[in-house]
Amino acid sequence: MQKEIESLLFQKKTKDQLIEETLTSLSGLLADAYTGEDVNELRKMLPEKIQVEDIGVKLKNVSLYLDSIDFPVPSIEVSIVMMLEIKEFEIGVYSIIYDTQGEQIDEILIID
């Protein structure tokens with residue numbers, strides 16, 4: 001049953017490809033914050049005195065929206081938790097919402 005659902009929702013890109021794209025996007029945001037122009041002003045939202053190498057990531061979830069008031073349906077959300085690796089303290093969550101074609105619909109960044 002899971003394979004059939006995935007074949008309907010992940011039409012052009014696999015779940016793993018969407019996870020990889022989300023990680024790459026987050027990596028780009030962090031690189032810009034620490035070594036680039038920080039156009040999103042992310043650096044001042046992150047805890048002071050931490051460096052990019054102090055931030056670890058782990059997959060939080062891949063959610064499927066079949067009914068939603070916020071996004072066109074069906075859609076797929078890939079969420080990555082950012083954490084301070086030394087203390088395993090959660091810094092925030094980065095999510096990208098995709099349509100079934102694998103195109104980005106929205107991007108969400110929540111810093112705790």
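The legends below accompany several close-up views of a predicted model of a protein chain.

**View 1. The whole chain, with its 2 helices and 4 strands.**
Read from the start of the sequence to its end, the elements of the protein chain follow the pattern α-α-β-β-β-β. Along the principal axes, the C-alpha atoms fill a box of roughly 45 × 30 × 25 Å. The protein chain has 112 residues, and buried residues make up 34% of them. Its accessible surface comes to about 7300 Å², and carbon and sulfur atoms account for 51% of that area. When contacts between residues at least 6 apart in sequence are considered, 42% of them join residues that are at least 24 apart. The chain carries 10 positive and 23 negative charges, and the mean positions of these two sets are 4 Å apart.

**View 2. The surroundings of K60 in strand 1.**
Strand 1 covers residues 55-65, and K60 has its place in this strand. Once the neighbours within four places in sequence are left aside, the residues in contact with K60 are S79, I80, V81 and V93. The view also takes in S95, which is 35 residues away from K60 in sequence, while the C-alpha atoms of K60 and S95 are 9.3 Å apart in space.

**View 3. The salt bridge between K13 and E21.**
A search of the whole structure finds 2 salt bridges, and one of them is formed by K13 with E21, whose closest N and O atoms are 2.8 Å apart. With a relative accessibility of 23%, K13 counts as partly exposed. E21 also counts as partly exposed, in this case at 31% relative accessibility.

**View 4. The salt bridge between K44 and E41.**
Here the side chains of K44 and E41 meet in a salt bridge, with a distance of 3.0 Å from N to O. K44 is exposed because its relative accessible area of 63% is over the 50% that marks an exposed residue. E41, by contrast, is partly exposed, with a relative accessible area of 44%.

**View 5. Two residues with positive phi in the loop between helix 2 and strand 1.**
Helix 2 covers residues 15-35, and D38 has its place in the loop between this helix and strand 1. Phi of D38 is near 50 degrees, which is a positive value in a residue other than glycine. D38 is buried because its relative accessible area of 17% is under the 20% that marks a buried residue. E41, the partner of K44 in the salt bridge of the preceding view, likewise has its place in the loop between helix 2 and strand 1. Although E41 is not a glycine, its phi is positive, at about 55 degrees.

**View 6. The aromatic pair of Y65 and F71.**
The count for this structure comes to 1 aromatic pair. The rings of Y65 and F71 have their centres 5.6 Å apart and their planes at 45 degrees, so the pair is tilted. Such a description rests on two quantities, because a pair of aromatic rings is described by the distance of the centres and the angle of the planes. Y65 is partly exposed, with a relative accessible area of 22%, whereas F71, at 13% relative accessibility, counts as buried.

Notes:
Residues are numbered from 1 along each chain as its sequence is written. This is a predicted model: local features need pLDDT of at least 70, side-chain atom pairs count only at pLDDT 80 or more; totals for chains, interfaces and linings use all residues. Side-chain values use heavy atoms; hydrogens and water are left out. Contact means heavy atoms within 4.5 Å. Buried means under 20% relative accessible area, exposed over 50%, partly exposed in between (1.4 Å probe, protein chains only). Accessible areas come from the Shrake-Rupley method with a 1.4 Å probe; for residues, only the protein chains shown count as cover. Lys and Arg count as positive and Asp and Glu as negative; His and the chain ends are not counted. The place of a charge is taken as NZ of Lys, CZ of Arg, CG of Asp or CD of Glu. A salt bridge is a side-chain nitrogen of Lys or Arg within 4 Å of a carboxyl oxygen of Asp or Glu. Rings of Phe, Tyr and Trp (its six-membered ring) pair if their centres lie within 6.5 Å; planes under 30 degrees apart count as stacked, over 60 as edge-to-face and the rest as tilted.
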